[in-house]
Amino acid sequence: MIGAFPELAEPFGLRPIQAEALMLIGLIMLGHALVRRFMAGEGRAAEDQVVGL
């Protein structure tokens, strides 16, 4: 998005490459949070209940 419209990063005082890096970090953090939730958290407990039937 920022690559196509670099002027979107200007109001935040960032260069376009910095905005892209921050969005990539956010995407990676979201992925890790989802994996953690479903592998070690509530998703895993729900899976174990279905298998126990």
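Accessible areas here come from the Shrake-Rupley method with a 1.4 Å probe, and for residues only the protein chains shown count as cover. This is a predicted model, where local features need pLDDT of at least 70, side-chain atom pairs count only at pLDDT 80 or more, and totals for chains, interfaces and linings use all residues. Numbering runs from 1 along each chain as its sequence is written, and side-chain values use heavy atoms, with hydrogens and water left out.

Start with the whole chain: its accessible surface is about 4700 Å², with 69% belonging to carbon and sulfur atoms. Of the 53 residues, 8% are buried (under 20% relative accessible area; exposed is over 50%, partly exposed in between).

Switch to cartoon and you'll find two helices and zero strands (DSSP runs: H or I of at least four residues, E of at least two, numbered from the N terminus).

Now pick L27, in helix α1 (residues 16-40). Is L27 buried or exposed? L27 counts as exposed because its relative accessibility is 58%.

Last stop: select R37 and F38. The charged end of R37 sits over the F38 ring, 5.5 Å from its centre (the rule: NZ of Lys or CZ of Arg within 6 Å of the ring centre and within 35 degrees of the ring normal).

Technical notes:
Buried means under 20% relative accessible area, exposed over 50%, partly exposed in between (1.4 Å probe, protein chains only).
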